[in-house]
Amino acid sequence: MKELLDKILDQRNNGLYFVNTPTGSAKSYSAVQLMKNNYKTFNQHFIFITNNLNNLPMKDLEKALGDDYKSHVIRVESIIDNILHHFDETIIPDEYKKMDSYKNLKNCLKSYQYQSEYIQKHSDKAPLAADLFKVAQDKLLSADSAFRKDIRKKLLTPNFKKFSKDERKRIIKSKYSWLRDLYPAMFVEDYKIICMSVKRFFTSIDPIYVKKYRFSESNIIDNSILFIDEVDATKNEINNIIIESSLRSTVELIPMVHRMTDPFINWKDIAPKRLQDLVPKGDKQFDQIRKRALEIRLNCHDELPYFCSEIKSRNFLMSDSTFHANFEDKSRRNAYVYYDKNYNQMTIEIKNSRHDLPCKLNDAYSLFSVIRDMSGYLVSTKRYIIKLASDLKDKHNSEANEEDYITDEEAIHSIYNTFKLPKSDILYFDNDINIQPAIKVDKTDNRFKKTNGYYNRGIRSFEFTNSKDNSFNTSFSYINLYKSAEYVLMMLAKKATVIGLSATCNIDSVLSNYSLRYLKENLGNDFHILEEEDRQRIAETYSLLNQKYDSGEIQVKIEEVINCTDTSAKDMIQLVFEDPKIQSKATKVFIKEGIKDKYQIQRYLRMAQAYRYFILHADIKSFLCLNNALPKDQGQFRKSVLDDLFGIVNKECSFNKNNVSVEVLKSGLSFDEDKKSILERLSKGEKIFVISAYATIGAGQNMAYELPDGLDTINLTDFANEEDGRNKKKDFDGIYLGDITNVVTNLMDTESGFEEENLLHFLIELENLYENNEITHHTLNKCIGAAYQKLKEPKLRGSTQELRGCRSIRLFKTKQIIQAIGRLSRSFNKNKMIYILVTRDIVDNFDTTILENEILSPETMKLAEYAKERQESVPTYDYVENEASRISSVGKFHIYELLSGDWTEKQIELYKELGETCLQCPTSSNLDNDIVREYYIHSEAPLNKYCYEMTVVKT
């Protein structure tokens with residue numbers, strides 16, 4: 001591992017490196033050693049980010065760097081954590097303590113601490129407590145922002161502003177050292193090693209003495225080494241950030257378009273002379289935007305109300321590379337808009353054909369094309385405003401003193417304010433993760449590159465409704481998900497050397513990992529996976545570490561629990577309990593609780609089996625039991641039912657329950673404390689059955705605990721390196737793996753609600769499957785319709801049956817299994833027998849093809865071999881037709897956009913070359929040709945002919 005990281009550093013090339021060595025192979029430790037050996041000579045930064053804050057290698061770094069740790073390493077905390085950890089410790093001068101903002105911050109901190117303690121102690125009141133906690137959290141954030149603002153106001157006097165940035169920093173460090181104590185991140189650029197969460201990475205740093213900046217977009221990252229721990233798991237976190245930002249910046253489409261056409265239509269009257277002077281005569285970009293604004297005003301009448309009298313409920317349109325409609329009248333697929341002179345409005349009618357409209361055919365426009373043109377116009381204006389702002393900043397700063405310089409953000413907002421844009425419009429325009437490469441990219445590299453797919457352009461969702469308090473307008477609510485997590489990672493890899501660390505980062509499931517195909521296509525030679533030489537070396541080293549498994553000193557035992565939902569509940573109970581009296585008691589538990597669903601009964605009985613297995617094996621001191629869901633006080637999986645069944649098992653086995661504990665490890669605020677308590681008790685020799693969920697004990701969670709005294713265990717290294725902390729820890733003795741369900745967003749759930757956030761997550765999942773050729777466009781459209789219907793009717797039981805056969809779902813489950821068993825591979829001390837209980841679903845869905853390429857832990861390898869021997873049928877996947885359909889569909893709509901856009905000489909030349917190539921070469925093997933690579937359907941073997949099917953519809 002060390003040699004691999006050294007080689008990456010020596011190459012000094014920006015790009016993306018996926019390092020998929022197994023859990024327990026010292027990935028983080030090796031990263032720390034690389035930083036330790038190079039932080040004095042490497043002229044950029046080492047940055048380490050992770051979803052799980054407990055995985056930040058702070059202790060290892062402190063041990064490795066010794067006295068240099070404090071001056072060279074910083075952990076950038078969230079704003080909340082920063083206040084919690086530094087506010088009371090910092091000696092703040094009295095003059096600042098007199099500020100109202102200071103007093104408010106102090107009070108808000110106390111309120112937050114109280115709510116935090118309350119929610120940890122009263123988990124039974126979680127929903128209400130969570131709401132109050134969120135209020136306290138928001139107030140604390142607001143109070144901190146206000147205090148920073150007052151500090152800035154007091155600090156940035158006219159005299160202070162005269163100093164340069166470096167001089168200001170020197171003054172702050174020497175005369176205002178308390179500020180550095182309170183807000184350490186204000187000087188983050190001074191540290192060679194920077195550690196933070198993924199979420200913090202994409203938020204702003206506030207230096208106070210200069211303007212705020214978003215860390216992910218800063219030049220601190222340029223040409224640095226960026227370690228991303230459990231890299232595949234960060235995709236979901238980045239999607240969460242994108243969704244959260246998009247929901248915050250929802251706008252009314254048509255009023256916003258009107259506000260953005262007006263300044264360009266009336267440029268001479270509205271724009272200040274200084275702004276007009278930034279636009280040179282004959283500026284083609286400006287002329288094109290003004291032309292589009294005039295066309296929208298002339299044809300689409302954005303100044304008039306848009307109204308559809310037909311709709312009574314929520315109606316939706318979604319745009320990726322095509323449009324997907326969800327109208328309340330399911331029989332209608334199209335919508336048209338035309339100027340209605342009788343009402344002086346733009347009337348919308350939902351019809352199947354233009355021939356059904358009361359107006360002339362040429363007077364009506366497809367609502368789809370109108371929305372496409374309007375949303376496209378907003379994208380173009382944003383790009384042009386960024387260009388204008390850049391010119392404004394350059395001009396202003398060239399004429400101003402340094403203390404009066406403006407930033408890119410200030411220049412952009414100057415233009416927004418000139419156009420009198422409301423906060424909602426500004427939020428919409430600011431809703432983007434705008435990462436720029438360290439070196440300017442040649443955009444002419446592939447002129448024919450399709451960029452209208454989900455990964456590059458994201459998703460646009462439109463909801464149009466009527467309301468009683470807005471009788472003249474149909475509201476067009478517009479949510480825009482800019483780009484994708486894949487695009488963000490790709491741009492980071494052009495800005496820095498990104499090293500993704502994860503045991504499962506090469507598992508090609510687009511539902512739990514980035515699209516490897518997209519990354520390879522867009523990064524080319526700058527995307528790297530383990531070379532065979534490196535893989536072999538790491539595999540050999542790892543094999544030496546685990547040779548006591550091969551010798552039989554450590555054994556792995558795998559057993560299955562019941563699998564019998566096709567039988568009656570009575571038969572299931574009889575399979576688990578032999579004694580008729582015990583069977584009767586178990587039956588009464590289900591009758592008392594009103595549980596009739598056979599799947600639920602089987603899940604409870606499987607847990608009872610796992611618990612019995614745990615108490616009957618005296619050598620099992622620690623057992624981890626994982627399901628898709630956590631047991632709760634209410635709902636379909638209840639803790640009280642488990643308690644009753646475990647009590648029955650205790651009586652059946654004549655087991656003294658005082659000798660064993662059952663603990664539920666839940667996600668949430670108390671997770672870290674609860675986990676710490678359980679591990680401490682295990683280290684003291686207690687026997688504990690830990691119930692949790694796959695999502696809770698997910699990627700990177702370290703469940704190893706201090707080795708108890710007197711246990712008969714095996715050490716993998718014979719304590720060869722006593723300084724290695726893994727020699728002092730012990731892993732769990734066994735694990736139960738329950739069924740992995742709800743891989744995609746659950747449309748069947750009628751209890752939890754279904755809101756815009758759930759919708760957007762599901763749409764992202766669908767787009768990933770479609771882009772990976774795993775579903776057809778028909779399935780994509782059908783599932784999008786089901787999702788919008790679920791949003792309208794949350795109690796509706798939606799179906800995702802068409803998605804179950806996707807390979808990404810099988811690989812998602814495989815990844816979950818590997819990560820779960822990885823919790824048994826975090827230390828060097830093992831039980832002589834390691835126990836793994838699994839369901840039949842786990843066995844059937846373990847994709848054993850990974851045996852060919854992955855380096856697996858001994859426990860995982862044993863399970864993979866067990867599954868391979870017992871799988872009765874292994875699915876095969878042929879996505880050639882899906883890929884052909886997607887290439888054809890996306891290519892078609894890309895060409896439509898080309899034709900409907902600005903018909904410049906460049907566009908004409910592109911279209912001409914595209915047409916000539918297709919006519920001259922109906923088939924081609926020249927993959928160096930951009931058109932062939934982007935627009936042709938690819939086959940696995942050479943072909944000199946092709947067939948197509950055409951359906952003729954009679955009218």
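Welcome to this briefing, which opens with a strand pairing: strand β8 (residues 251–252) runs antiparallel to strand β16 (residues 470–481), and 2 bridges join them. Please keep in mind that this is a predicted model. From the strands we move on to surface patches, then to a few loop residues.

**Strands around β16**

- Within the pairing of β8 and β16, Glu252 has Ser477 of β16 as its bridge partner.
- Strand β16 also pairs with strand β15 (residues 459–467), again in the antiparallel sense, and this pairing counts 8 bridges.
- Which residue of β16 stands opposite Ser461? That residue is Ile479.
- The connection from β15 to β16 is a hairpin, made through 2 residues.

**Charged surface patches**

- On the positive side, Lys581, Lys585, Lys588, Lys651 and Lys657 form a surface patch.
- Which helix gives the most to the positive patch? Helix α27 (residues 580–593) does, with 3 residues.
- Lys588 has its place in helix α27, and this lysine is exposed because its relative accessible area is 56%, where the cut-off for exposed is over 50%.
- On the negative side, a surface patch is formed by Asp672, Glu673, Asp674 and Glu680.
- Glu680 belongs to helix α30, which covers residues 671–683.
- Why does Glu680 count as partly exposed? The reason is its relative accessibility of 39%, since partly exposed covers the range between the buried cut-off of under 20% and the exposed cut-off of over 50%.

**A nonpolar surface patch**

- Tyr896, Leu899 and Tyr911 together make a nonpolar patch on the surface, with an area of about 290 Å².
- One of these residues, Leu899, lies in helix α36, which spans residues 880–900.
- Leu899 has a relative accessibility of 40%, so it counts as partly exposed.

**Asparagines with positive phi**

- Asn742 is not a glycine, yet its phi is positive, at about 50 degrees.
- The loop that holds Asn742 runs between β26 (734–737) and α31 (756–771).
- Is Asn742 buried or partly exposed? Its relative accessibility is 47%, so Asn742 counts as partly exposed.
- Asn773 is another non-glycine residue with a positive phi, here of about 65 degrees.
- Where does Asn773 lie? Its position is in the loop between α31 and α32 (777–792).
- Asn773 counts as buried because its relative accessibility is 7%, and the buried class takes in values under 20%.
- Helix α31 therefore borders both loops: the loop of Asn742 ends at α31, and the loop of Asn773 begins there.**Asp928 in its loop**

- Asp928 has its place in the loop between α37 (905–920) and α38 (930–935).
- Is Asp928 buried or exposed? With a relative accessible area of 70%, Asp928 is exposed, as that value falls in the class of over 50%.
- How far apart are the C-alpha atoms of Asp928 and Asn506? They are separated by 26 Å, while the two residues are 422 residues apart along the chain.

Key
Residues are numbered from 1 along each chain as its sequence is written. This is a predicted model: local features need pLDDT of at least 70, side-chain atom pairs count only at pLDDT 80 or more; totals for chains, interfaces and linings use all residues. Side-chain values use heavy atoms; hydrogens and water are left out. Patches are made of residues with over 30% relative accessible area and no salt bridge: like charges are joined within 9 Å, nonpolar side chains (Val, Leu, Ile, Met, Phe, Trp, Tyr) within 5 Å. Accessible areas come from the Shrake-Rupley method with a 1.4 Å probe; for residues, only the protein chains shown count as cover. A salt bridge is a side-chain nitrogen of Lys or Arg within 4 Å of a carboxyl oxygen of Asp or Glu. Lys and Arg count as positive and Asp and Glu as negative; His and the chain ends are not counted. The place of a charge is taken as NZ of Lys, CZ of Arg, CG of Asp or CD of Glu. Helices (H or I, at least four residues) and strands (E, at least two) are DSSP runs, numbered from the N terminus. Buried means under 20% relative accessible area, exposed over 50%, partly exposed in between (1.4 Å probe, protein chains only). Two strands pair if DSSP finds at least two bridges between them.
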